[in-house]
There are 2 protein chains.
Amino acid sequence: MTEYFIGVDLGGTNIKVGCFDQQMNLVAKTSVPTGADMGPEAVVERIVEAGNSLLKESSLKIDDLIAIGIGTPGPADYPKGIIIKSTNMPKFVNTPLRDMVASGLGNKPAILENDANVACWGEFAMGVGKEVTDMIFMTLGTGIGGGVVCNGELVRGVGGNAAELGHVIIYPGGRACNCGQRGCVEAYGSANSTAARATEAIQAGEDSSLKKILEKHREITCKDVFQHAENGDTLASEIVEGTAEALALMCVNMLHTTEPACVVFTGGMIAAGDALLTRIQRHFDQLIWILKKETVKICFATLGEDTGIIGAASLAQHAMQQGQI
Amino acid sequence: MTEYFIGVDLGGTNIKVGCFDQQMNLVAKTSVPTGADMGPEAVVERIVEAGNSLLKESSLKIDDLIAIGIGTPGPADYPKGIIIKSTNMPKFVNTPLRDMVASGLGNKPAILENDANVACWGEFAMGVGKEVTDMIFMTLGTGIGGGVVCNGELVRGVGGNAAELGHVIIYPGGRACNCGQRGCVEAYGSANSTAARATEAIQAGEDSSLKKILEKHREITCKDVFQHAENGDTLASEIVEGTAEALALMCVNMLHTTEPACVVFTGGMIAAGDALLTRIQRHFDQLIWILKKETVKICFATLGEDTGIIGAASLAQHAMQQGQI
């Protein structure tokens, strides 16, 4: 008998739901607005409705469904399946989301996990990390999210807060981070900080072709910085080198900590492509030790927008296999 | 039937061998000179002889022995049980140590592991980490060695080189490290670097009560630095603060990476006691984020000189239980 899994990617704006077979082939998927302002019960109803209609359109019965995986931003008590609170969904307070969803989908075993961990697991199980047992995952966006896989398992840590890789301190005493620390990698290597460092430099009087962008649009984006670097602007190039060096430092430090087979970057900034990847690689080669030949594959994620639902479904399958749910 | 395990701690100077029951109670132990200059066969003979005589004096037969654990410095191919080469034992080149030892001890299942990992496992399984599933371990001596336990398993990494924690870069562009990198934690937080930073400061003309020590003994030790800091010397205090800050940075960064329940320090420098521990804790409290309440227990190892043999025996038992050997 073929077994089926449902993966849910619950974001502040949209809920994505996918149905997968046991080889993690996508059978059907859908996306609906979250409607978070209507409160948890209404959101759960949408998830359940979406799940049931995916089963129906695939001619599956509820008993073909083996398990459900749900990815969501924290803070949450993941082992208990409870969202403690949510920036994007303020009506979610101590919401037992996992069990609410499960009870609408045949009371099947379900797992709730941090969305960065879910995306990491997706790439690990079905994407660029498919052949490895140890991997580091970093999302480069507004901030920097992380995932760590060791010995074929997600590293969740003693309180479910592991892999907050954006807040590893790489420049002690450096730029202030929103988290209250100074010198976090997020304050250098994220898309937002790349744009912010360029803006600050121009406001401090440095010359750059980005100056016109700032005057015209009142803001500079990360994409602008990479584009102007590509066009030969000196300041933009320096900023981009700083971004790449910060990320390369993380690659070196992760290599010396968990020795992953690969460090996988994802998020908006990877749109910069080789301009980013080759710079990270070059800084890595300069920073890494000469004591012994050792390296790590530095690469981009490959699953794209379905990462969340694939990761959630695949994590549910893994948790079943391991007797965790 | 009671099961017994032999743990071997193979160092350049001495071989320690211990026999333990299945609760890891020490049944008998011995220590013999390594005699590394006589070559691998002679060294293995000493290990085997020691193991057999421990069994004999405990009135045990070879079939009471279940498995053997061996800890040794690298570089080695641990999964294959082969020492590739050894700084302290130059005649060991591609030596299949694990199988050589096993064949002299009833061909029992055996495991070869990095000595820092073995010590880490000892503290994890039988020492200060006994009640936890996630732990970081750092030895503060000539250099800094490390161990990482996640989800109740040692993190060995894809090539057996994980947990080289001494070479995590905490101050990019900082002091040169023997490994070829700059700014490694080992270049600030080890006993040797603590002494070296004091020596360099005095040679650069800074005033300190340590100056007389340097003139008299031609060298300053880490112990001297802590002692003079205790006596109120300004330079010595600054150096010790630098050591503690480097180690605190590691605690913060490990918390954000694997979120261990505890960071356990061991090695010669922990003789400094509370003078070290309270300083690390204070720097940690200053460095850690205010985003959410989160902490990690910072503490010293408790097993003392038997860590190596306990860790090796206990790792052998664990490997058997997990079907790894």
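Which strands and which helix are included in what covers the buried residues of helix 10 of chain A? The model examined is predicted, with local features requiring pLDDT of at least 70, side-chain atom pairs counted only at pLDDT 80 or more, and totals for chains, interfaces and linings using all residues. Residues are numbered from 1 along each chain as its sequence is written, and chains are lettered from A and ligands numbered from 1 in the order in which they are written.

Helix 10 of chain A comprises residues 307-321 (helices are DSSP runs of H or I of at least four residues, strands runs of E of at least two, numbered from the N terminus). Of its 15 residues, 12 are buried (20 or more other C-beta atoms, placed from the backbone, within 10 Å of the residue's own); among them are T307(A), I310(A), L315(A) and H318(A). The cover includes strand 1 (4-10), strand 2 (14-21), strand 3 (26-33), strand 4 (65-72), strand 7 (110-114) and helix 3 (115-126) of chain A. G323(A), with a positive phi near 70°, follows helix 10 of chain A.

Elsewhere in chain A, five strands form an open, mixed sheet in the order 10-9-8-11-12 (pairing requires at least two DSSP bridges). Its edges are strand 10 (153-154) and strand 12 (297-300) of chain A, each pairing on one side only. Strand 9 (residues 144-150) of chain A pairs with strand 10 of chain A in the antiparallel sense over two bridges, and E153(A) is the bridge partner of C150(A).

Chain A superposes on chain B (least squares on C-alpha atoms of residues with pLDDT of at least 70 in both) by a rotation of 180° with 0.0 Å of shift along its axis, at an RMSD of 0.0 Å. This is the relation of a two-fold axis.

Technical notes:
Expected span 1.5 Å × (residues − 1). Contact = placed C-beta atoms within 7 Å.
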